[in-house]
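User: Please examine the model shown below and answer some questions on its strand pairing and aromatic contacts.

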Amino acid sequence: MAVIIRLGRPGKSANKKIFFRVNVMDRAKARDSRFIEQVGYYDPSKKPAVVSLKKDRIDYWLSKGATLSQTVKNLLKKTK
C-alpha cells in the first residue's frame, strides 16, 4: 500500500468557511475518503493562516515510506 500525506477538505463549503485537514491516507483513495490518521489542520480563512501539524507523527510516517503532497511540503517549510 502506497501512503501519502495530503490535504482533505471536510464538511460542506456552503458557508464559505474553508479549512483543511492534513491526513495520512492510501494514495489510491479519493481526497475526502477514509484516512489512516489525521496529523494536523490548515485554516487559510484566518488572518494570518493557522497551520497546526504533528511533526513527530509526520516524521514517523515518512520513516515508514509515506510521501508528501506538494502542498503539505510547502506547509512544512512554512512552519519550520
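User: Over how many bridges do β2 and strand β3 pair?

Analyst: This is a predicted model, in which local features need pLDDT of at least 70 and side-chain atom pairs count only at pLDDT 80 or more, while totals for chains, interfaces and linings use all residues. Residues are numbered from 1 along each chain as its sequence is written, and side-chain values use heavy atoms, without hydrogens and water. Strands are DSSP runs (E, at least two residues; helices are H or I, at least four), numbered from the N terminus, and two strands pair if DSSP finds at least two bridges between them. β2 and strand β3 (residues 37–43) are antiparallel, and the number of bridges is 5.

User: How many residues of strand β2 are buried?

Analyst: Buried means under 20% relative accessible area, exposed over 50% and partly exposed in between (1.4 Å probe, protein chains only). Strand β2 spans residues 20–26 and is mostly covered. Of its 7 residues, the buried number is 5.

User: Why is the pair of Phe 20 and Tyr 42 stacked or edge-to-face?

Analyst: Rings of Phe, Tyr and Trp (its six-membered ring) pair if their centres lie within 6.5 Å; planes under 30 degrees apart are stacked, over 60 edge-to-face and the rest tilted. A search of the whole structure finds 2 aromatic pairs. For Phe 20 and Tyr 42, the ring centres are 6.2 Å apart and the planes are at 20°, so the pair is stacked.

User: Is Trp 61 buried or exposed?

Analyst: The relative accessibility of Trp 61 is 14%. Trp 61 therefore counts as buried.
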